[in-house]
Amino acid sequence: ELIDHYGADIARFFMMFTSPPEQTLEWSDSGVEGAARFLRRLWTFACDFSQGGTEPPQALQGSALPAELAAARREVHAVLKQANYDMTRHQFNTVASAAMKILNALESAQKGGADAVLTGALLHEGLSILLRLLSPITPHVSHHLWRELQFGADILAAPWPEPADAAL
């Protein structure tokens, strides 16, 4: 019933976000709604991003970024570093939480009004990281957005994201 109403990815995200694997899942209608809201935000963000074009931008250089973009990039990579550690410990609930934090950082950077080219480069890098991080949790949405945004043909063939030392 949950999958029929919300879809498999929302069901998966809710279950992974709500509790660590060693604990029993406690049902929450508001939790399912929260998972749905997050994935709708991701979808909307990706659609907004695609309106600016999906050509790979220039590589980001930490020292060349305005302070607010450098802070957003640092946030994305710091959260990714922790999420990668949590993934090795099978703490998928904190990986799901990390995805939410990354989306928050990207949305803030998008609204910041800084240099459009550098903002686009940051959003491209961050969205690529976010989709790969989410791919084990929400495979259908991640795969579809990966292809639509022209990051590649198959997200499963993409390398796992690693934090950039220059960003940290």
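Is Asp86 buried or exposed in this structure? Keep that in mind while you look at the screen, and we'll get to it in a minute. One thing to say up front: this is a predicted model.

Okay, let's start with helix 4. Helix 4 has 22 residues, and from its first C-alpha to its last it reaches 32 Å. At 1.5 Å a residue you'd expect 32 Å, and the helix comes out close to that. A good part of helix 4 is tucked away. Its buried residues include Leu69, Ala70, Val76, His77, Leu80 and Met87. So what do the buried residues of helix 4 pack against? They pack against helix 5 and helix 6. Here's a handy bit of background: an α-helix has 3.6 residues a turn, so residues three or four places apart point the same way.

Now back to the opening question. Asp86 is buried, because its relative accessibility is 6% and the cut-off for buried is under 20%. And Asp86 has a partner: its side chain meets the side chain of Arg89 in a salt bridge, 3.0 Å from N to O. Arg89 is a bit more out in the open, so to speak: it counts as partly exposed, because its relative accessible area is 41%. While you're in that spot, look just after helix 4, where His90 takes a positive phi of about 60°.

If salt bridges are new to you, the idea goes like this: side chains of opposite charge can pair when their charged atoms come close. How many salt bridges does the structure hold? Three. You've met one, so let's go through the others.

Next up is the pair made by Glu125 and Arg73, whose side chains meet at 2.8 Å, N to O, in a salt bridge. Glu125 sits in helix 6, residues 116-134, and Arg73 sits in helix 4, residues 67-88, so this pair ties together parts that are 52 residues apart in sequence. Arg73 is buried, with a relative accessible area of 5%. You'll also find Arg73 among the buried residues of helix 4.

Then there's Arg41 with Glu107. Their side chains form a salt bridge at 2.6 Å, N to O. This pair links distant parts of the chain, with Arg41 in helix 3 and Glu107 in helix 5, 66 residues apart. Arg41 is partly exposed, because its relative accessible area is 30%. Glu107 is buried, because its relative accessible area is 17%. To find Glu107 on the screen, go to helix 5, which covers residues 92-111. What does Glu107 contact, leaving aside its neighbours within four places in sequence? Arg41, as you'd guess from the salt bridge, and Phe45 too.

Right, on to the rings. There are three aromatic pairs. One of them is Phe13 with Phe38, a stacked pair with 4.9 Å centre to centre and 20° between the planes. Phe13 is in helix 2 and Phe38 is in helix 3, so the pair ties together parts that are 25 residues apart in sequence. Phe13 and Phe38 are both buried. Another pair is Trp146 with Phe151, and that one is tilted: 5.0 Å centre to centre, with 40° between the planes. Trp146 is buried, at 5% relative accessibility. Phe151 is buried as well, with a relative accessible area of 16%. And go back to Phe13 for a second: ring pairs link Phe13, Phe17 and Phe38 into a cluster.

Let's swing round to the outside. Which residues make a nonpolar surface patch of about 300 Å²? Met15, Leu25 and Trp27. Trp27 sits in the loop between helix 2, residues 8-18, and helix 3, residues 29-51. Why does Trp27 count as exposed? Because its relative accessible area is 52%, and the exposed class is anything over 50%.

Last stop: Ala114, in the loop between helix 5 and helix 6. Not counting residues up to four places away in sequence, Ala114 touches Glu68, Leu69 and Thr119. Leu69, remember, is one of the buried residues of helix 4. And how far apart are the C-alpha atoms of Ala114 and Ala167? They're separated by 18 Å, and along the chain these two are 53 residues apart.

That's my tour, thanks for listening!

Note on methods: Residues numbered from 1 in each chain as written. Predicted model: local features only at pLDDT ≥ 70, side-chain atom pairs only at ≥ 80, totals over all residues. Heavy atoms only, no water. Patch = residues over 30% accessible without salt bridge, like charges linked within 9 Å, V, L, I, M, F, W, Y side chains within 5 Å. Areas by Shrake-Rupley, 256 points an atom, 1.4 Å probe, with all protein chains shown as cover. Salt bridge = Lys/Arg side-chain N within 4 Å of Asp/Glu carboxyl O. Helix = DSSP H or I, 4+ residues; strand = E, 2+ residues; numbered from the N terminus. Buried < 20%, exposed > 50% of the residue type's maximum accessible area, 1.4 Å probe, protein only. Contact = heavy atoms within 4.5 Å. Expected span 1.5 Å × (residues − 1). Phe/Tyr/Trp six-rings, centres within 6.5 Å; stacked < 30°, edge-to-face > 60°.
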